[in-house]
Each structure stands twice: as structure tokens, then as C-alpha cells.
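Student: I am new to this structure and would like a close look at a single part of it. Please take me through that part in one connected account.

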Amino acid sequence: MQRKTKMEDTRERVMHIAMFPWLAMGHLLPFLRLSKLLAQKGHKIFFISTPRNINRLPKLPSNLSASITFISFPLPPISGLPSTSESSMDVPYNKQQSLKAAFDLLQQPLTEFLKCSSPDWIIYDYASHWLPPIAAELGISKAFFSLFNAATLCFMGPPSSLIEDFRTTPDDFTVVPPWVPFQSNIMFRYHEVTRYVEKTDEDVTGVSDSVRFGYTIRESDAVFVRSCPEFEPEWFNLLRDLYRKPVFPTGFLPPVIEDDDDTTWVCIKEWLDKQRVNSVVYVSLGTEASLRKEELVELALGLEKSQVPFFWVLKNEPSRPEPQIPDGFEERVQGRGMVHVGWVPQVKILSHESVGGFLTHCGWNSVVEGLGFGRVPIFLPVLNEQGLNTRLLQGKGLGFEVPRNEREGSFDSDSVANSVRLVMMDDEGESIRGKAKLMKSLFGNRDENIHHVGQLVDWIQNTSPK
Ligand SMILES: O=c1ccn([C@@H]2O[C@H](COP(=O)(O)OP(=O)(O)O[C@H]3O[C@H](CO)[C@@H](O)[C@H](O)[C@H]3O)[C@@H](O)[C@H]2O)c(=O)[nH]1
């Protein structure tokens, strides 16, 4: 990659940038957030996804609608994948590989589109490991945008280790890898790894996620990371050593509260308005993680025992008609606890002054959103890199993990109730509360975060396409 000379400086040039996220809300939303910031800087964006995913995204503000064009490709049909399933939340966790098989078939329409539209850059996600050679062939520069933080990426390792699937047993994931040269607590617990393996189908695509990450990183011209060195300096330094290519933080991309007619929000706000400031714990485990029936029961009973007001969101389960909360639970907690099944405006809820804590699976979007409003995390990691995020935050004194059996991950209602009380009201939780509140400026301040995107844009503008 060549840097242009001062004479050829392209700083004023409007760039055309294609964005191609993986088919998951936790990926589409931050890709859209970055798109908006790039568009605000005067660049033209093609945001590429499938029809149902595009429909689910928040409407664009009028000042950006001319700068961001949605490009919608129907998801090719795949046997075993219902035609309405277009995102990771539409399919049970063990069917995610079928979604990847369908996603891989977007290669052909995407290639045609890139040939016709010739963007300067494409910013893509981990799943499209096949994309970089196509972009290179067409002279389009290419950056991988990681929605995992730098500590997680370092734990995963350099591309060569990812491609050869360096780790083979669950125990391999429960130790600090050899390429981390300093003391670290970033590693999985045994139950987090076995849960992941147990829930994952055979790789019907023949390509594991590890291999997808490996090629995606290795073949990129640059890696953008949704985090910042102010928060995890040692991990950004190590990442640059491991990748040996430009690595840019995007900052946390704090979300903007959409001013829309949202009837769900009107009802939720009405309930939150009646609660005391900082008194409510918001409970949500994101769009992909599901608890086992017995875990849901313990969580429910724990919330009940805690005596703390709560707002609990349960996702619609593709494979379960009804959530499995105990009989009579809602009646017993009436007035103090709310259970909502389906999609909620999470950012609006977290912004409400009644919310003090956030019992979370520790998906990175939820972490950013919760800490951005100074809400104190209570961790209940389930899948993916959520255990690593938990270790990163807990290591900094930012939140408290529900105690569990280290090996099989079981927890009971008392461990939930005690954790909730500790974080929300006990004296022992004072320092955790104080530290989480301090994070508001780092995670939530839009002006502070925007300078990372500014630096990244300066770099891509002055870097000639291959
Ligand atoms: O009812 C809901 C449910 C979710 N959200 C939003 O959806 C996003 C969910 O993202 P996240 O909290 O990261 O959860 P998941 O979607 O479950 O996360 C997947 O993607 C993340 C980013 O890669 C990873 O950190 C997780 O491990 C992985 O499971 C957030 O912006 C939420 O605000 C809502 O607005 N309303």
C-alpha cells in the first residue's frame, strides 16, 4: 500500500465506501453507526445487506439520507433455513452455520455490484473471508471492521494461528496463549468453551469461524477496532505486533438516541418514570444467547429474591414458542418487576435515569451502551467472546460476574440475587458503582470518541487504492 505525496493529497476528495456487515443486529447496528459518521464527514456510503435486515434498521435522519444508499440483496435460499431467516436472531444458535452458507452465496451479487459501483474502499466483517481477493482484483481497498475489542482479538491470535485452528481442545482456550507476553486474565472458562462447541453445528460451509477470522484479517489492508487505546493500551500495542498492518481504533461509536414514534418505548418509559433514580436493574442477554430452561428459572428466582426493581427483556426464541419463566412469577413480582418478550429500544432504556444496573451477557454493543450511560454491569456471559469481555471489564473493577460453577457454568438464584444486590445497593458494591460511573465519559462521550474516526478517515483518504 502506497502513501500519496503531499502534492497528490486527496483530503478533500469524496470517497465512496461500501459497508458489508455480517447478518446480525449486533453487527448491522455498529456498521450503520460508523456509516453515519463517515457520511457526516462528507463521504458516500453503500450499505449492503438483505431486505429484512435493512427494514429492521433505524430510519436515516434526513440530512444523511442522500449520503447513505442501502443496497439490498435477497438472501439466497438454503435447505433447512426458513425463507424469513435473515439474521442470527432469526435462527437458533446451532443453525448459524446454515445462515453462513446462505451468506456465502452473496458473493456473486456483491461482486457484480462492486464491479459496477467501483467504491474506493470496502469495510467488511469477519464472516466474508472470501471478499478480500475479489476487492483486490477490482482495485478496491479493504478494511476489516472488528466488533470485538483488542483484548479479544489478541486472545484469538495472529491470522496464521487462526487459519490453522491452533487450539484443538476446550482446555486450550482456558489458558493465556503463548503470544501474550504480559500477565493476563483474558481467557475462557471451561463451561464457556464447551457451551459454544455444544451449540454449534458442524461447519456446513466447511469453513470454521476461526478460519474466517484468519483470512479476513490476513487479507485486509487495515483493521478497524471498535474500542480505543485509552481503554486497553497494552492490547492495542500487542495487536499491532501480531497483525503487522495498520490497526485503527474507531472509538466506541456511542449510539445516538433516535427521536422516532416508538409505541413500545412510550409504555416502557411510563413504567420507568414511576421508579426511583438509579434503582432499576435492566436485564437482557442480547440477540443470540439463550439460557437453558433451568438457568432461566434460577435467573427469575434470583431477580425475585433480590427485591430490586427490574426490567427483563426476553428475546423471541426461534425454537421455543414461550419463554420458560416459572409459573406465577410475573404475578409475584408485579409492580416491582417487568418482563417484556420481543424487541425493545435498549439504548433508550439504558439512557433512562431510573436504570442503575445492567445484568448483561456482555455482548460488546451492550457493554458500550451500558457503560456509556454509567450503568453498572452484572455479568452473565453465555456465548462467543462474552466471557473474554467479562474478564476484561472485571479485571478493571468494572462490574461483577454472577458466581458460577467453573467447570459446568451452573448458577443458582442466590448467586443471582446476591450479585444484583451487591451491584445495586450493598456498601461492598460502592467502588464498582463509582468506577462504572467514571466510564461514562470514555464510552459515552461522542465528541471524545469522534476524533478516532477522524484519524481513520484521514488515513484512508490519503492511502491510495491498491
Ligand atoms: O431488544 C433488543 C435487543 C437488542 N438490541 C440491540 O441489539 C444490539 C445487541 O448487541 P450485543 O449486546 O452485542 O448482543 P448480541 O447481538 O447478542 O451480540 C453478538 O455480537 C456482539 C458483537 O460482535 C458480540 O459481542 C456478542 O458476543 C454476540 O453474541 C445492541 O445494540 C442492543 O441495543 C435492542 O436494541 N433491542
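How do the residues of the shell around the ligand divide into nonpolar, polar and charged?

Tutor: A word on the source comes before the answer: the model is predicted. The shell around the ligand divides into six nonpolar residues, 12 polar ones and three charged ones.

There are 21 residues around the ligand, and those that come nearest are Thr287, Val344, Ser366, Glu369 and Glu385. As for where the shell comes from, helix 15, which spans 364–372, supplies four residues, the largest share. Helix 1 and helix 15 each give the shell at least two residues.

Some side chains make polar contacts with the ligand. In Glu385, a side-chain N or O atom is 2.5 Å from an oxygen atom of the ligand. Glu385 is also one of the residues that come nearest to the ligand. For His361, the distance from a polar side-chain atom to a ligand oxygen is 2.9 Å. In Gln346, a side-chain N or O atom lies 3.3 Å from an oxygen atom of the ligand. On its own the ligand has 700 Å² of accessible area, and the protein covers 96% of that.

Helix 1 leads from the shell to a salt bridge. Lys36 in this helix pairs with Glu258, and their closest N and O atoms are 3.5 Å apart. Lys36 belongs to helix 1 (residues 25–40) and Glu258 to the loop between strand 7 (247–249) and helix 11 (263–273), so the salt bridge ties together parts that are 222 residues apart in sequence. The two partners differ in exposure: Lys36 has a relative accessibility of 8% and counts as buried, whereas Glu258, at 26%, is partly exposed.

That pair belongs to a wider set, for the whole structure holds 21 salt bridges. Another joins Glu295 and Arg292, with 3.4 Å from N to O. Here Glu295 is buried at 5% relative accessibility, while Arg292 is partly exposed at 27%. In the salt bridge between Glu317 and Lys315, the N to O distance is 3.5 Å. Glu317 is buried, with a relative accessible area of 18%, and Lys315 is buried as well, at 19%. Salt bridges also form a network, which links Arg189, Glu192, Arg391, Glu401 and Glu406.

Glu295 brings in helix 12, where it is one of the buried residues. Others on that list include Leu296, Leu299, Ala300 and Leu303. Helix 12 covers residues 293–306, which makes 14 residues, and its first and last C-alpha atoms are 20 Å apart, close to the 20 Å expected at 1.5 Å a residue. After the helix comes Gln307, with a positive phi near 65°.

One more buried side chain completes the account. Gln96 sits in helix 3 (residues 96–104) and is buried, with a relative accessible area of 7%. A polar atom of the Gln96 side chain lies 3.0 Å from the backbone oxygen of Ser88.

To return to the part you asked about, the shell around the ligand has 12 polar residues beside six nonpolar and three charged ones, and helix 15 supplies the largest share of it.

Technical notes
Residues numbered from 1 in each chain as written. Predicted model: local features only at pLDDT ≥ 70, side-chain atom pairs only at ≥ 80, totals over all residues. Heavy atoms only, no water. Salt bridge = Lys/Arg side-chain N within 4 Å of Asp/Glu carboxyl O. Buried < 20%, exposed > 50% of the residue type's maximum accessible area, 1.4 Å probe, protein only. Expected span 1.5 Å × (residues − 1). Near = heavy atom within 4 Å. Polar contact = N/O pair within 3.5 Å; in protein donor to acceptor, adjacent residues only side chain to side chain. Areas by Shrake-Rupley, 256 points an atom, 1.4 Å probe, with all protein chains shown as cover. Nonpolar A, V, L, I, M, F, W, Y, C, P; charged D, E, K, R; others polar.
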